[in-house]
Amino acid sequence: MCSTCGCSEGEVTITSGHHSDDASHCHDHAHHHHAHHDHCQCQTHDSASCEHEHEHDETIEFETSPSVEVHHHYYHHGDVHHHIHYHLAALPEAMPQPTMSEVTPTVKRTVTIEEQVLAKNDRIAAHNREHFAAQHLVALNFVSSPGSGKTTLLCETLRQLLPNQSCVVIEGDQQTQNDAQRIEATGAPAIQINTGKGCHLDAQMIHDAMHQLDAPQGSYLFIENVGNLVCPAGFDLGEKHKVVVLSVTEGEDKPLKYPHMFAAASVMLINKIDLLEHLDFDLQRCMQYAHQVNPELIIIPISATTGVGMDEWLSWLETQPCA
Ligand SMILES: Nc1nc2c(ncn2[C@@H]2O[C@H](COP(=O)(O)OP(=O)(O)OP(=O)(O)O)[C@@H](O)[C@H]2O)c(=O)[nH]1
Ligand SMILES: [Mg+2]
């Protein structure tokens, strides 16, 4: 169950785009991933370099003084509810400190931390981030409502970059292989994640997809999230930046109506500006609204079909080098 929206995630499938037109072949190679499985099915990493501690509960043991007391602490960090179960007293510095009366001096204790979905996701995202850094991958997470032009923009971006720069793509949709096939037509390797009833990608899905996607060192990793302006804002995938795409047909007030997504993004591409003359869309007001929720947001008006604004977008990408 998605803790942000209550959607039911069902079975998630992860398939290579080029396997997708042969259903039986595809099935053989599909990595069927259940959204809440706890054990990594990592096959390409050696266990020494990749510990894959994906257990739901984390146990930390360290030396200090024994205690006869068991304490339960509840606290909130952002939207995340933590329940910390202290079998013994005194805590590592990063943990909430008990009062002096709760701490009794001695030798060993165990801290069991039960985390809910978002905290677990954050941990896997941090793990992904380490992998991306080690492999010099720049991961960008494209988020938007359905149909804003994410795949069209990515295909154009790949056509411009691919001759000189390796790029790989992870596509997220509830159903179909369509977007992975469109990406592969540009020559870039693509993995399609179908989330079933799920409304967003999560860090575990990206982790699993990366094991099927043999990304060369120093690549851009473009992730196209499920079309949804709400839930993907809450799920860190380990990306360096979120890029939010808003098309002019959606109306200029979207940054105010869905502020979390625009607050979480580093860049906003206002797409389909070739259609502006047909619409009652106030570009200046849209930018003003977006800056209201995120003063740091870099905004680039663009048209994936005419190419207007592509240079500015590619220049921004150059500020995020993979080396
Ligand atoms: N006029 C115009 N149409 C565009 C532009 N970019 C994309 N489109 C059209 O918008 C429609 C949706 O584009 P996609 O690239 O599939 O959008 P998406 O965001 O990937 O959609 P989902 O993956 O379904 O969320 C297609 O018919 C595109 O041809 C643009 O800059 N101008
Ligand atoms: Mg798409």
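Let me start with one residue, Gln177, which is buried, its relative accessible area being 14%. This is a predicted model, so take every value as computed from predicted coordinates. Gln177 sits in the loop that runs between strand 8 and helix 4. Its C-alpha atom is 9.3 Å from that of His18, and those two residues are 159 apart along the chain.

The residue just before it in the numbering belongs on the same slide. Thr176 is also placed in the loop between strand 8 and helix 4. Thr176 has a positive phi, about 80°, and it is not a glycine. Is Thr176 buried, exposed or partly exposed? With a relative accessible area of 38%, Thr176 is partly exposed, whereas Gln177 is buried.

There is another non-glycine residue to list under positive phi. For His136 the angle is about 55°. His136 belongs to the loop between helix 2 and strand 7. Its relative accessible area is 35%, which makes His136 partly exposed.

Now the overall picture. The protein has nine helices and 13 strands. Of its 323 residues, 53% are buried. On contact order: if you take contacts between residues at least 6 apart in sequence, 70% of them join residues at least 24 apart.

Next, the core. In soluble globular proteins, nonpolar side chains tend to be buried together. Here, the largest nonpolar core contains 29 residues. Which of them have the most contacts inside it? They are Phe142, Phe222, Leu269, Trp313 and Leu317. Several elements contribute at least two residues each to this core. On the strand side, these are strand 7 (138-144), strand 8 (167-173), strand 10 (220-224), strand 11 (241-247) and strand 12 (267-271). On the helix side, they are helix 3 (150-161), helix 4 (178-184) and helix 9 (310-318).

Leu317 is worth following a little further. Setting aside neighbours within four places in sequence, Leu317 is in contact with Leu140, Thr157, Leu161, Tyr220 and Phe222.

That leads to the helix pairs, beginning with helix 3 and helix 9. They pack at an angle of about 70°, and their axes are 11 Å apart. Helix 3 and helix 9 are therefore roughly perpendicular to each other. The crossing of helix 3 past helix 9 is right-handed. From helix 3, the contact uses Leu153, Glu156, Thr157, Gln160 and Leu161. From helix 9, the contact uses Met310, Trp313, Leu314 and Leu317. Sorted by class, the contact has six nonpolar, two polar and one charged residues.

The other pair is helix 2 and helix 5, the latter being residues 203-212. Their axes come within 8 Å and cross at roughly 35°. Helix 2 passes helix 5 in a left-handed crossing. Helix 2 brings Asn121, Ile124, Ala125, His127, Asn128 and Phe132 to the contact. Helix 5 brings Ala203, Gln204, Ile206, His207 and Met210. In this contact of helix 2 with helix 5, six residues are nonpolar, five are polar and none is charged.

Staying with helix 2, which spans residues 117-134, Ala119 is one of its residues. Ala119 counts as buried, at 7% relative accessibility. How far apart are Ala119 and Phe235 in sequence and in space? They are separated by 116 residues in sequence and by 9.7 Å in space, C-alpha to C-alpha.

The last residue is Leu283, in helix 8, residues 283-293. Is Leu283 buried or exposed? At 19% relative accessibility it counts as buried, because the cut-off is under 20%. Not counting residues up to four places away in sequence, Leu283 touches Ile270, Leu276 and Pro301. As for Ile270, its C-alpha atom is 8.6 Å from that of Leu283, and the two residues are 13 apart along the chain.

To close, back to the loop between strand 8 and helix 4: Thr176 is partly exposed there, and Gln177 is buried.

Notes
Residues numbered from 1 in each chain as written. Chains lettered and ligands numbered in written order. Heavy atoms only, no water. Core = buried A, V, L, I, M, F, W, Y, C linked by side-chain atoms within 4.5 Å. Buried < 20%, exposed > 50% of the residue type's maximum accessible area, 1.4 Å probe, protein only. Helix = DSSP H or I, 4+ residues; strand = E, 2+ residues; numbered from the N terminus. Contact = heavy atoms within 4.5 Å. Axes fitted to C-alpha atoms, helices over the stretch in contact; angles between N-to-C directions. Parallel < 35°, antiparallel > 145°, perpendicular 65-115°, else oblique. Left-handed = near helix turned anticlockwise from the far one by under 90°. Nonpolar A, V, L, I, M, F, W, Y, C, P; charged D, E, K, R; others polar.
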